[in-house]
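Open the model in your viewer and keep the selection tool ready. This tour tells you what to select and what is there.

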2 protein chains.
Amino acid sequence: MLEHGGRLGRAAREFSMPREAWLDLSTGISPHAWPLPPVPASAWHRLPEDDDGLLDAARDYYGTDHVLPVAGSQAAIGALPRLRPPSRVAVVDPAYAEHAHAWRQAGHEVVALPLEELLAHASTFDVLVLVRPNNPTGVCLDRHRLLELHADARRPWLLVDEAFIDTQPEQSLVSHVREGLIVLRSVGKFFGLAGARAGFVAAWPALLEALAEALGPWTLAGPTRHVVAQALADRAWQASARTWLRDASARLAALLTRHDLRPSGGCEFFQYCERPDAEALYRALATRGILVRHFSAPQALRFGLPADDTAFARLDRALTELRA
Amino acid sequence: MLEHGGRLGRAAREFSMPREAWLDLSTGISPHAWPLPPVPASAWHRLPEDDDGLLDAARDYYGTDHVLPVAGSQAAIGALPRLRPPSRVAVVDPAYAEHAHAWRQAGHEVVALPLEELLAHASTFDVLVLVRPNNPTGVCLDRHRLLELHADARRPWLLVDEAFIDTQPEQSLVSHVREGLIVLRSVGKFFGLAGARAGFVAAWPALLEALAEALGPWTLAGPTRHVVAQALADRAWQASARTWLRDASARLAALLTRHDLRPSGGCEFFQYCERPDAEALYRALATRGILVRHFSAPQALRFGLPADDTAFARLDRALTELRA
């Protein structure tokens, strides 16, 4: 298994500090979560059914009919590589590490390349894997450039993970899917529902059919289907969440900059600071009960958004101490 | 995708009767469901963590340390065939159809055999797949015979699906796992939590590690982990549920027998009636708003348990009309 953020239990043991004492900024999940509705008991008791309204809500939210619910984009990341014969795969680097891992595990030849190099050699690969905005760097490749890339290439698969794009839906490729173009969307980050394990894949119909067959029946929990269908339909909350995320992300970037930690990248869900002393900073913050995500290649920290004024003040205080 | 019970939405359309008008006996899920506790919002918001108590509860309930939570036994059924090189696989027939389907889909040579024939030729296969109690026939192969079979064979994989065994836990092979023996357990049927999508795999450590790696991180939803951990620990409810299921199943068998539908098999979760007019009976019951599961090879019906006196009376009345 690869390492991920959100492992508060492990940090609590490693730094001998109880879970509830931590400020967890180690993920890119929005702390401004969609308010949960009551879940009917039948959603727990019965087998989930496909015609429960989730698909309609998703088609409306994503603006395309060609969309498949999956148990988190992770489920699609794991299954898609099994739908191709052995291929030459380029994965942008750095990026969410499960992509390269899944393609390797399925027996493909995987090359990890910096974004510009990947784009320059695109035509020599069968599959291109990109993340936009990228996690952890925050780089968001232009939509038109990607569509041109897909039109130019000799019909490779272009797999675009847009788990963090919900604050700028007009930038998404989700409604542009065509043969060879696969877009992953996540519910966990924007709606703050990472525990629900829900995501969506947009692609051409034959690919969606093959993926559904590979994943088998009932991949999403019934309560998840109920909650997500309503979250996707709540346009008023979505508008307010976009504003909240933009403001909180700008505030976090300003705070880090004040402490001589100017982000080298980021998006509305996190800020990214590449710096050689990342590991020492990670440990210094952890001893103060603040968990961030540490990356080692390259050395960097990713800061998730503090949930409120108290959390911002705590981070501010800790960084003041560190620089003292 | 294969056909399954529980497709009430489709039946409602086919027979032009609203969902809420139906008595759904088309699954083997207990209608006597575990009473749901409140789910903390954090279970929805945060990424699930492995050290949240679910594994401890499962080890206690199943009586073995070698157990892995999965998103329904279906998730394991789909993933296990990918952990072996092309093999000769014998699957008991009739049985839950996803088994043979998953092994075929993964490129194995699959032979479907009646139970006794499968046992007689066990040593000629690399993998044996059995279901006990079997779904839909209810046949429950003796535990000692299975353990002997596993000891005798030239180390094949023996995969035993025990989704319906929770009423007789002393019969389970779950605490007997050793190299080559894999046991699947389900939470959905006994606890009436089919929507939760939770099951467990018991097997030797290396297999569990490979399976966990193949399934990837966060396969169970956070709310599911919270609910299931508590259900597995609720011994008082489990004892009462065993009594309820035994009584309801016996009552259903008696009712069917009174209507000249003596079950040819069954278990505490359903009754199974093999008969040439199964399809006509299925449709006659459906036009009366009673949904049962129809099988065509061989022609048979499976009746799930009515939830209460009203449901029993409704089935009784419908069968009286049919025989009139």
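The stops below run from the two chains to their aromatic rings and charges.

This is a predicted model: local features need pLDDT of at least 70, side-chain atom pairs count only at pLDDT 80 or more, and totals for chains, interfaces and linings use all residues. Residues are numbered from 1 along each chain as its sequence is written, chains are lettered from A, and side-chain values use heavy atoms, without hydrogens and water.

**Both chains.** Select chain A and chain B. A turn of 180° and a shift of 0.0 Å along the axis lays chain A on chain B with an RMSD of 0.0 Å (least squares on C-alpha atoms of residues with pLDDT of at least 70 in both). The two copies are thus related as by a two-fold rotation axis. Now pick Ala221(A): in chain A, its C-alpha is nearest the axis, at 3.6 Å.

**A stacked pair.** Select Phe191(A) and Trp237(A). Their ring centres are 5.6 Å apart and their planes at 20°, so the pair is stacked (centres within 6.5 Å, planes under 30 degrees apart). Phe191(A) lies in the loop between strands E7 and E8, Trp237(A) in helix H10, 46 residues apart (helices, H or I, of at least four residues and strands, E, of at least two are DSSP runs). Phe191(A) has 0% relative accessibility and counts as buried (under 20%, 1.4 Å probe, protein chains only). Trp237(A), at 10%, is buried too.

**The cluster.** Add Tyr61(A), Tyr62(A), Phe190(A) and Phe200(A). With Phe191(A) and Trp237(A) they form one aromatic cluster.

**A charge over a ring.** Go to Arg251(B). Its charged end sits over the ring of Phe312(B), 4.0 Å from the centre (NZ of Lys or CZ of Arg within 6 Å of the ring centre and within 35 degrees of the ring normal).

Key: Phe/Tyr/Trp six-rings, centres within 6.5 Å; stacked < 30°, edge-to-face > 60°. Buried < 20%, exposed > 50% of the residue type's maximum accessible area, 1.4 Å probe, protein only.
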